[in-house]
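I'm opening a fresh page for a structure I haven't looked at before. Sequence and model go in here, and my notes follow.

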Amino acid sequence: ADENTGLQSQPPPEEQNYGATAAHVRQGPFVPVSRNGPAKRDHLIVAVLCYANLINFMDWFIVPGILLDIQKYFELSDGDTGLLQTVFILCYMLAAPIFGYLGDRYNRKIILGAGIFFWSGVTLGSSFISELYYWIFFLSRGLVGIGTASYSTIAPTIIADLFEEGKRTTMLSIFYIFIPVGSGLGYVLAAGMADVTGDWHWAFRITPCMGGLALVLLILLVPHETQRRTSAHRALSISGTIRVAAEKPGVHRTAKTPWCQDVISLAKNWSFVWSSLGLTAMAFITGALGMWVPLFLYRAQVVQGIVSPCLQESCNLSNSLIFGGITIGTGILGVIAGAEAARRLRKINNKADPLICATSMFISALCLYIALMVAQTSILSTFIFIAFGELFLSVNWAVVTDILLYVVTPRRQSTAIALQILVSHLLGDAGSPYLIGIISNAIQAKNSHSFQWSFWSMQYSFIVCAFVGVFGGGFFLLTSFYIEEDRKEAER
């Protein structure tokens, strides 16, 4: 069943396929579905969605890439600086359930296009804010978060509808590779533009142009009506044909259910609950690292005497460039390694996915702890262990999403993704940058104002991330206890 051409309500349940259930079907012959021509179209759609995902995450990490300049320009403390990313994430996560509701019921292409247009426009506008109106800059980051929520909630469900299970994992892996790639390019773009122009404001004027191109590609290349693949489609797809299942006369499949009923059902799905909490731990760590690592490394270098304190108008942003490159490289390698490990290990263990996630979280937590401990003596060792920490975190991105897509019935997937976004950001990266900042502020307030204590305060506050990583591994272990049963229930 196809979506409508506008934001009007879809046809009655008896006239459409929706979610995990098919519509009332007529008895009849096979319905041929060609997969040769559509295959190219489907890959083109994924390419457009990946490009937009790239821009999406570049916008997320422009601020951390030029954090030194922004902190100095607006004269912000560590706590206020951390609040910048917290405002962004809070608005993002609060908007996600709304877009999840809309994505399950209305035309997804229109919602995606509106989101790209909105966040690109606000990003461009934020580049013209003066130092007297720092509160407007905070507000603009919140509005960008609302725009990106429309995209992150809906785009994965379109990919899930286009491909069968084996291919779906590959396509989702490619899509999620652009999270670390976009994040890393956000640092590189921000630091590069600030260095070339001598004005950090220019960092916010490139992604809106890229967003305009993404909007044009979305309009031209993505069909206005995208088919929602159902459980019946997945089960009955044989040799390029979909057999329309016959039902007993007068028996209709389940139609759309109320949103509250969907939420209650998801709350009883323990694989979804525990994996979402594991993702929350990942989000907590990545949010804190993404915001503070370049500044932490700068303070470590000042203590070691490698660089002088930033007093000039434009600060040295080499740490942002290096960290951005590490994020890109480890992200690509980690997502590919995670998808490949999952593909191989699923053949011998039905619980492979959550076990992979648990193992990678434990190793990542250890690497991050070591990175913090060696920062005052060896910047190179710190970079190496941060790279390994990010690598093992990235292993989980596509695997966690794939877990959700096979333990949740398709008609609840947009809602499930939206709720996962809400929980993971509310308890994860919405608060972690701010929490690290206020802990650092508190430590500095109790000690002498010096570059040494400026470094130590950030180092001690960062240790929280290592402990959260251990908890995340535990949540994924709990997921492994329920995943087989929940997957069978979703298939039914």
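**Entry 1: a threonine to start with**

Where is the place of threonine 280? I found threonine 280 in helix 11, which covers residues 270-304. A reminder to myself before I go on: this is a predicted model. Is threonine 280 buried or exposed? I get a relative accessibility of 6% for threonine 280, and anything under 20% is called buried, so threonine 280 counts as buried. Next I looked up what threonine 280 is in contact with, leaving aside neighbours within four places in sequence: the list is Val423, Ser424, Leu427 and Gly428.

**Entry 2: the whole chain**

I stepped back for the overall picture. The chain's secondary structure comes to 19 helices and 3 strands. Of its 492 residues, 56% are buried. I also checked how far along the sequence the contacts reach. Taking contacts with a separation of 6 or more, I see that 86% join residues 24 or more positions apart. The chain exposes about 19,900 Å², and carbon and sulfur atoms supply 67% of that.

**Entry 3: helix 11 from end to end**

Back to helix 11. What span should its 35 residues have at 1.5 Å a residue? The expected figure is 51 Å, and I find the end C-alpha atoms 48 Å apart, which agrees. Helix 11 does bend, though: I noted about 50° at tryptophan 292, with proline 294 following within four residues. I count 29 of the 35 residues of helix 11 as buried, so this helix is largely enclosed by the rest of the structure. Just after helix 11 comes glycine 305, with a positive phi near 80°.

While there, I looked at asparagine 319, which sits in helix 12 (residues 318-345). Asparagine 319 has 5% relative accessibility and so counts as buried. Not counting residues up to four places away in sequence, asparagine 319 touches Pro294, Leu297, Tyr298, Gln301 and Phe383. Pro294 is the proline that I had already written down for the bend in helix 11.

**Entry 4: the nonpolar core**

Which residues touch the most other members of the largest nonpolar core? Out of 130 residues in this core, I have Leu49, Ile66, Ile70, Phe137, Tyr151 and Phe462. Helix 11 gives the most to this core, with 17 residues. Domain 1 (38-234) and domain 2 (258-491) both give residues to the core, so it lies between them.

I followed up on phenylalanine 462. Setting aside residues up to four places away in sequence, phenylalanine 462 touches Ala288, Leu289, Trp292, Val293, Phe296, Leu372 and Ile436. Trp292 is where helix 11 bends.

Tyr151 led me to isoleucine 111, in helix 5 (residues 108-126). Isoleucine 111 and tyrosine 151 are 40 residues apart in sequence, but their C-alpha atoms are 7.9 Å apart in space. Isoleucine 111 is buried, with a relative accessible area of 6%.

**Entry 5: two more helices**

Helix 6 (residues 134-162) has 29 residues and should span 42 Å at 1.5 Å a residue; I find 44 Å between its end C-alpha atoms, which agrees. There is a kink of about 25° in helix 6, centred on threonine 148. I count 23 of the 29 residues as buried, so helix 6 is largely enclosed by the rest of the structure.

Helix 4 has 26 residues and an expected span of 38 Å, and its end C-alpha atoms are 37 Å apart, which agrees. Where does helix 4 kink? I located a kink of about 30° at alanine 96, shortly before proline 97.

**Entry 6: two loops**

Glutamate 75 lies in the loop between helix 3 (67-73) and helix 4 (78-103). Is glutamate 75 buried or exposed? Its relative accessible area is 73%, so glutamate 75 is exposed. I also jotted down its phi, near 55°, a positive value in a residue other than glycine.

Valine 408 is in the loop between helix 15 (397-407) and helix 16 (413-429). At 3% relative accessibility, I put valine 408 down as buried. Valine 408 touches Leu266, Asn269, Phe272, Gln413, Ala416 and Ala490, not counting residues up to four places away in sequence. Valine 408 and alanine 490 are 82 residues apart in sequence, with their C-alpha atoms 5.5 Å apart in space.

Technical notes
Residues numbered from 1 in each chain as written. Predicted model: local features only at pLDDT ≥ 70, side-chain atom pairs only at ≥ 80, totals over all residues. Heavy atoms only, no water. Buried < 20%, exposed > 50% of the residue type's maximum accessible area, 1.4 Å probe, protein only. Contact = heavy atoms within 4.5 Å. Expected span 1.5 Å × (residues − 1). Bend = angle between axes of the 7 residues up to and from the residue. Core = buried A, V, L, I, M, F, W, Y, C linked by side-chain atoms within 4.5 Å. Domains from an automatic or database assignment. Areas by Shrake-Rupley, 256 points an atom, 1.4 Å probe, with all protein chains shown as cover.
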